[in-house]
Structure formats: C-alpha cells, structure tokens
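The following exercises concern strand pairing, burial and nonpolar packing in one protein chain. Each task is followed by a solution in steps.

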Amino acid sequence: MDTTGRTASIPARDQSGCGVVTYAPEMAVGTVIVTYQRPETLFATLTAVLGQSHPPDVVVVVDNDADHRVERAVALMGSNVVYEPSPSNVGYGAALALGMRILRSSLDPDWYWLLDDDTIPEPDSAAELVRAWSSASHPAQQYFASRVGA
C-alpha cells in the first residue's frame, strides 16, 4: 500500500523514452455518467462500470431529469456512486461539466472516464484505455476513447 492508501498497480507511461512500460501506484479514476429518464439502462451501465477489472474510485451520475427512479437505482450501487440531480435537462455537455467539477472537488482524479448511460463497457475497458495511454509512442498523446458499437 502506498501513501495514498491505494494498493493495486496499473501500467504507467514510461518517461524514459525507451518504450518500456513500467508500473506505478494506481492512478485515481473518476467516472461521470450522464442519464436522462433511463433507470434500467443506467443500472446496467453502472453494474458494468463497477465490475471493471480496474473500477473507478468514484462515479458521479448526473441525472438530467431529477428522476426518483434513477435516484433509487444509484442508491443500490454503493457509497462510491454519487447521485447529482439536475432540476432540468441542461444537456449532455453541461451535465458532463457538472460531474467533472464534482469529481475535481472531491477526488481530483488522474483520469476522467466520461460515459452516457447507454454506453455499457466491456469488463476490461478502463484497464485497456489506461494501457493504451501508458504505451503511447508520443508523450503528449493523452486522449483516448472507447469504440462504441460493433
């Protein structure tokens, strides 16, 4: 366990330029999921996100409708899932920004994983994104996204 209390390790980008992937203490990952009137779909996405081989430290669900069904679904997921209702549909971009502000003020994660409620990730999606970043050939390359669909 390191000084941050984290115990797992994930690949970290090699800063030497040798192309060797080294391992470092786990980086904090915060996830924002934006939802609008789809509690069943959100529940499936949350289940997949929390079941990752590299699960996020905190998940913020921004509800663009303040739907009590969504609030109940989030309440079933555990203490590291935060429900943030919006009194109106502020739109996807504004909802992502709201969720990121909440994460930055509470966790200040190294990584932000941004999802829509119908983006159900494969079990190793987060780990693969981190692995892709850590093995990037260009040091300034910092943005990766998952492929949606077949």
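**Exercise 1. Determine how β3 is joined to β6 and to β4 in this predicted model.**

Solution.
Step 1. The strands β3 and β6 run parallel and are joined by six bridges. Within this pair, Thr-31 is set opposite Trp-113 of β6, and Gly-30 has Tyr-112 as its bridge partner in β6.
Step 2. With β4, strand β3 also pairs in the parallel sense, over six bridges. Here Val-32 faces Val-60 of β4.
Step 3. Between β3 and β4 the chain passes through α1, and this β-α-β crossover is right-handed.

**Exercise 2. Establish the strand order of the open sheet and identify its edge strands.**

Solution.
Step 1. The four strands of the open sheet follow the order β5-β4-β3-β6, with parallel pairing.
Step 2. Strands β5 and β6 each pair on one side only and are therefore the edge strands by the pairing criterion of at least two DSSP bridges.
Step 3. Neighbouring strands are turned against each other by 20° on average, direction ignored.
Step 4. Helix α3, residues 92-106, packs on this sheet and touches β3, β4, β5 and β6. The direction of α3 makes about 150° with that of β3.

**Exercise 3. Is β3 enclosed or open to the outside, and which way do its residues point?**

Solution.
Step 1. A residue is taken as buried when its relative accessible area is under 20%.
Step 2. Seven of the seven residues of β3 are buried, so the strand is largely enclosed by the rest of the structure.
Step 3. In a regular strand the side chains alternate between the two faces of the sheet.
Step 4. In β3, Val-29, Thr-31, Ile-33 and Thr-35 point one way, while Gly-30, Val-32 and Val-34 point the other way.

**Exercise 4. Describe the largest nonpolar core and the elements that supply it.**

Solution.
Step 1. The largest nonpolar core contains 20 residues, and Leu-46, Val-61 and Val-74 have the most contacts inside it.
Step 2. At least two residues of this core come from each of β3 (29-35), α1 (39-50), β4 (58-63), α2 (68-75), β5 (81-85), β6 (111-116) and α4 (125-134). Helix α4 gives the most, with four residues.
Step 3. Leaving aside neighbours within four places in sequence, Val-74 is in contact with Leu-42, Leu-46, Val-61, Val-81, Val-82 and Tyr-83.
Step 4. Another core, of nine residues, lies apart from the largest nonpolar core and includes Val-58, Val-60, Leu-96 and Leu-103.

Conventions
Residues are numbered from 1 along each chain as its sequence is written. This is a predicted model: local features need pLDDT of at least 70, side-chain atom pairs count only at pLDDT 80 or more; totals for chains, interfaces and linings use all residues. Side-chain values use heavy atoms; hydrogens and water are left out. A nonpolar core is a set of buried Ala, Val, Leu, Ile, Met, Phe, Trp, Tyr and Cys residues joined through side-chain atoms within 4.5 Å. Buried means under 20% relative accessible area, exposed over 50%, partly exposed in between (1.4 Å probe, protein chains only). Contact means heavy atoms within 4.5 Å. Axes are lines fitted to C-alpha atoms, for helices over the stretch in contact, and angles run from 0 to 180 degrees between N-to-C directions. A crossover is right-handed if, with the strands pointing away from the viewer, the path from the first strand over the helix to the second runs clockwise.
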